[in-house]
Amino acid sequence: MINLPEMKLSFIFLAVCLTLTVAVPIERSQKKEEEPPPEAPDTGLYYDRYLREVIDVLETDGHFREKLQSANADDIKNGKLSKELDFVSHHVRTRLDELKRQEVSRLRMLIKAKMDNNEGGDVQIDHLGLLKQFEHLDPHNQHTFEARDLELLIQAATKDLENYDAARHEEFKRYEMMKEHERREYLKSLDEEKRRQEEAHFEELKKKHNEHPKVNVPGSRDQLKEVWEETDGLDPNEFNPKTFFKLHDTNGDGVLDEQELEALFTKELEKVYDPKNEEDDMMEMEEERLRMREHVMKNVDTNQDRLVTLQEFIKSTERKDFNEADGWKTVEEQPMYTEDELRRFETELDAQEKAINQKAEQLRRDHEQLQQRQLELDAQKKEYQQAVLQMEQRKSQTVEEQGKPAGPHGELKFNPQEPHGSSKEGPGIPGADTVHAPATLKPDHQEAPQNQQQVAHNDTPL
Ligand SMILES: [Ca+2]
Ligand SMILES: [Ca+2]
């Protein structure tokens, strides 16, 4: 992969996808054995892979890279940059077209899977109509990647990531409610004595968790100075915001992105959370990290592009509350949900459980029916096999007894015009009459096998 230290292309990413701290591997097509660039975090978007691949391909185009370096966040967001797509090389366009076709095909599969799940698969799918629900590409043109596609991709990612923090808070809240729900259910299952013990233990853990050094307000002088002194090993009396900014703009792109900011909070988080302690919940630590970053962005990122410039940073250090000495209230110290919300959550859980049980019961019944049907089919099959076998036995016996070849049309078997022949059943179940065929005829050993074959063949439709 091309390693561009000043890769402004990551600006698209910076503008949109700096939310997560988790890194995932990205597939790289180039074989260059250069130092691998730092991997961008998984955006958590369902089209994350497509987004990354488009950016990777665009990075390979000199013209586009140049334009990107001179673009600002607004140019990127309002689609001005997307127009530059018209000037990228043919080779890059071809690869983008390919990526888009793959993405459209993936979305079609998603639609199909969803429809199969809901409708049983027999419905005619309106692909174009359904593709319109995906806002990260232009569904009207499903074969080529155009400027419109880049514009939509940037817009969708920006918008979706703005909602992403909110979704994470909501998810965390549900996690906490689930935790409390399970704790209460567990307590209910205990006898009086054991329950008292458990509750005492719970209170003890809570107390232990709350015993920690004062947590500084993120982005305040105290917090930054602590990083300056302890992480950077510098003299606290020489604290300098500009130097601090440069030190912590670790990728050197001139802005502090969300990840670079979150890295500043590690010291504070370690005061409260230790993965080795039973009383410290690491999910809460991640929520804490997110809240700290949001707090700083709210106060510092004045143009709200999710990036902190040096100018924005310096300005924030001049604010009155930069010097505020009050501590930071941790996740644990504020109510995450009300009793009412917990009740609603439990009702919802209950309904979900009922629905799942109903579905399981239905599946069990379906399964039983299928098993029953299979048994019936097996029995039927056996009967047929038995009947065929009997007929074959009877016929070969008859033929042997008659000892004469069957006519070219097999008339011997199905319409025996025997001396005693009285069968009018035709090809129904022959043999009943033929077993009584006169025994005077000698079997012809050369012809008999052919007869047998024909008998078997003609009977197969049964
Ligand atoms: Ca940076
Ligand atoms: Ca900003």
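With 12 C-beta neighbours inside 10 Å, does Glu-270 count as buried or exposed? In this predicted model, Glu-270 counts as exposed, because a residue with 12 or fewer such neighbours falls in that class. Glu-270 sits in helix H12, which runs over residues 266-272. Its C-alpha atom is 9.6 Å from that of His-212, although the two residues are 58 apart along the chain.

The wider setting comes next. The protein chain has 462 residues, and buried residues make up 24% of them. Its secondary structure consists of 17 helices and two strands. Among contacts with a separation of 6 or more, 70% join residues that are 24 or more positions apart.

Glu-270 also belongs to a stretch named in a database record. An unreviewed UniProt entry annotates residues 236-271 as "domain: EF-hand". In the model, this stretch is 58% helix and 6% strand. The C-alpha atoms at its two ends are 20 Å apart.

Now consider the buried parts. In soluble globular proteins, nonpolar side chains tend to be buried together. The largest nonpolar core here has 22 residues. Within that core, the residues that touch the most other members are Leu-256, Leu-261, Val-296, Val-300, Val-308 and Phe-313. Several elements each supply at least two residues of this core: helix H9 (221-231), strand S1 (255-256), helix H11 (258-264), H12 and helix H13 (282-300). Helix H13 gives the largest share, four residues. H12, the helix that holds the exposed Glu-270, is thus also named among the contributors to the core.

Val-296 can serve as an example of how this core is connected. Setting aside neighbours within four places in sequence, Val-296 is in contact with Pro-218, Gly-219 and Leu-261. Another core, of 20 residues, lies apart from the largest one. Its members include Leu-81, Leu-85, Leu-137 and Phe-145.

A last example shows how a single helix can have two sides. Which residues are buried in helix H3, made of residues 62-70? They are Phe-64, Lys-67 and Leu-68. Seen down the axis of H3, the buried residues fall within an arc of 100°, so they line one face of the helix. On the other side of H3, Gly-62, Glu-66 and Ser-70 are exposed.

Technical notes. Residues are numbered from 1 along each chain as its sequence is written. Chains are lettered from A and ligands numbered from 1 in the order in which they are written. This is a predicted model: local features need pLDDT of at least 70, side-chain atom pairs count only at pLDDT 80 or more; totals for chains, interfaces and linings use all residues. The arc is that of the directions from the helix axis to the C-beta atoms. UniProt positions are given in the numbering used here, feature names are shortened, and annotations may be inferred rather than shown by experiment. A nonpolar core is a set of buried Ala, Val, Leu, Ile, Met, Phe, Trp, Tyr and Cys residues joined through C-beta atoms within 7 Å. Two residues are in contact if their C-beta atoms, placed from the backbone, lie within 7 Å.
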